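Here is a short briefing on one protein model. Please keep the sequence and the structure in view while reading.

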Amino acid sequence: MTNFIPKQVFPLFELIFLGTSASAPSLRRGLSAHMVKHNEHRFLIDCGEGTQRQILKSGLGFKRLNHILITHGHLDHILGLAGLFSTFSRWETLEEIEILAGQWALDRIDALLYGVRIVPKGKASNLKLSLIPIQAGPIIEMDDFTISAFPVSHRGPDCFGYLFEEKERRPFLPEKADELGVPVGPVRRKLVAGEAITLEDGRRVEPEDVLGEALPGTRYAHVGDTGRTDNILPHIKGVDALVIEATYLEEEAQMAKDFAHLTAGQAAQLAKDAGVGQLILTHISRRYREADVIAEAQAVFPNTRVARDFDVYQIKRGETIKVEG
């Protein structure tokens with residue numbers, strides 16, 4: 001039997017960009033879709049036209065894709081659900097899927113999937129689909145992280161951003177355990193799990209004796225389309241990474257305001273005001289060169305990147321690393 005030695009885990013969220021174009025696809029950019037991975041969990045954020053092909057092309061596949069989070073109900077963020085569920089209903093790849101969104105978005109998704117009978121309603125099916133309306137606040141609770149929704153102002157009601165937050169964790173201090181004579185093995189696992197143990201000589205060791213100070217977890221915020229930043233600011237302060245749209249440049253700021261979108265400069269100012277670690281811009285319009293988008297944003301917030309389809313980022317506490325793309 002292998003002895004157990006508690007491993008120091010550096011938690012992270014992995015973010016895979018599947019679609020980074022605004023409103024319509026371009027030659028190199030698909031429509032809005034992003035995959036967030038944390039341990040065995042997967043979350044698809046938005047599902048623009050062609051998302052299922054992007055998932056396949058990325059090598060991710062469909063396994064464990066049990067949660068889909070929708071930022072709002074515009075077609076460039078939901079139209080890909082039709083193709084995705086058409087495939088699911090035939091391949092029966094997954095047994096259960098939840099789509100979480102505001103009520104207005106869910107009404108449109110209901111019409112899209114059930115109105116044209118992509119998903120049979122009232123008939124036996126191996127695929128259980130649940131449309132779950134959300135409000136601001138926590139929406140998913142896992143053992144080691146939570147997902148919360150916060151309101152976003154765009155055209156139409158019930159638009160949301162999402163905040164992924166790992167729970168605080170206390171690191172195991174092997175040197176303390178050695179000093180106390182705690183043997184290597186399953187008893188250390190109990191201490192890590194918060195259970196007290198009794199040594200062979202009768203001494204009692206509490207978790208407090210071998211665990212360090214609580215460390216904050218990784219925090220990642222995702223915002224789809226939005227025309228305001230003031231109401232977002234309180235929800236994203238100090239996040240390790242922020243993904244947000246940058247549909248326009250400052251030269252067309254009035255058009256951005258008219259259509260309830262942001263300029264790259266406005267997104268960068270939000271990141272600066274919120275003290276985020278890394279800003280990643282998406283929802284990029286075909287009307288601009290990527291170099292101009294990044295230049296405008298970095299003039300305000302230097303730690304900015306523009307996402308491309310199939311870019312992969314690892315988001316850790318205090319550090320965001322681009323690993324692919």
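The points below cover confidence, the two sheets, the helices and the cysteines.

This is a predicted model. Its mean pLDDT is 92, and 95% of the residues reach 70 or more. One open sheet has seven strands, and another open sheet has eight. The structure holds zero disulfides.

**Confidence**

- Residues 1–9 have a pLDDT below 50.
- That stretch makes 13 contacts in the model beyond near neighbours in sequence.
- Where pLDDT is low, the predicted coordinates should not be read in detail.

**The eight-stranded sheet**

- The strand order is S6-S5-S4-S3-S2-S1-S16-S17, and the pairing is mixed.
- Strand S6 (128–133) and strand S17 (319–324) are the edge strands, and each pairs on one side only.
- From one strand to the next, the twist averages 20 degrees.
- Strand S1 (residues 12–19) and strand S2 (residues 33–38) run antiparallel and are joined by five bridges.
- Within this pair, Glu-14 has Lys-37 in S2 as its bridge partner.
- Helix H1 (residues 51–58) packs on this sheet, where it touches S1, S2 and strand S3 (41–47).
- The direction of H1 makes about 125 degrees with that of S1.

**The seven-stranded sheet**

- Here the order is S7-S8-S9-S12-S13-S14-S15, again with mixed pairing.
- Strand S7 (137–141) and strand S15 (304–306) stand at the edges. Each has a single partner strand, so one side of each is left without a neighbour in the sheet.
- Neighbouring strands are turned against each other by 25 degrees on average, direction ignored.
- A hairpin through three residues joins S7 to S8.
- S7 and strand S8 (residues 145–154) run antiparallel, with four bridges between them.
- Pro-138 has Ser-148 in S8 as its bridge partner.
- Strand S9 (residues 156–166) runs antiparallel to strand S12 (residues 219–222), and four bridges join these two strands.
- Phe-164 finds its bridge partner in S12, at Tyr-220.

**Helices H10 and H11**

- Helix H11 (residues 290–298) lies across strand S14 (278–282) and S15. H11 runs at about 165 degrees to S15.
- Which residues of helix H10 (residues 264–274) are buried? They are Ala-264, Gly-265, Ala-267, Ala-268, Leu-270, Ala-271 and Ala-274.
- The cover over these buried H10 residues includes helix H8 (233–236), strand S13 (241–245), S14 and H11.
- Gly-275 comes just after H10 and takes a positive phi of about 65 degrees.

**Cysteines**

- A disulfide is a covalent bond between the sulfur atoms of two cysteines.
- Why does Cys-47 form no such bond? The closest cysteine sulfur, in Cys-159, is 17 Å from the sulfur of Cys-47, which is too far for a bond. The cut-off for a disulfide is a pair of sulfur atoms within 2.5 Å.
- Cys-159 is likewise in no disulfide, and its nearest cysteine sulfur is that of Cys-47.
- Cys-47 is buried, with a relative accessible area of 0%.
- Cys-159 is buried too, with a relative accessible area of 4%.

Conventions: Residues are numbered from 1 along each chain as its sequence is written. This is a predicted model: local features need pLDDT of at least 70, side-chain atom pairs count only at pLDDT 80 or more; totals for chains, interfaces and linings use all residues. Side-chain values use heavy atoms; hydrogens and water are left out. pLDDT is the predictor's confidence in each residue, from 0 to 100. Contact means heavy atoms within 4.5 Å. Buried means under 20% relative accessible area, exposed over 50%, partly exposed in between (1.4 Å probe, protein chains only). Two strands pair if DSSP finds at least two bridges between them. Axes are lines fitted to C-alpha atoms, for helices over the stretch in contact, and angles run from 0 to 180 degrees between N-to-C directions.
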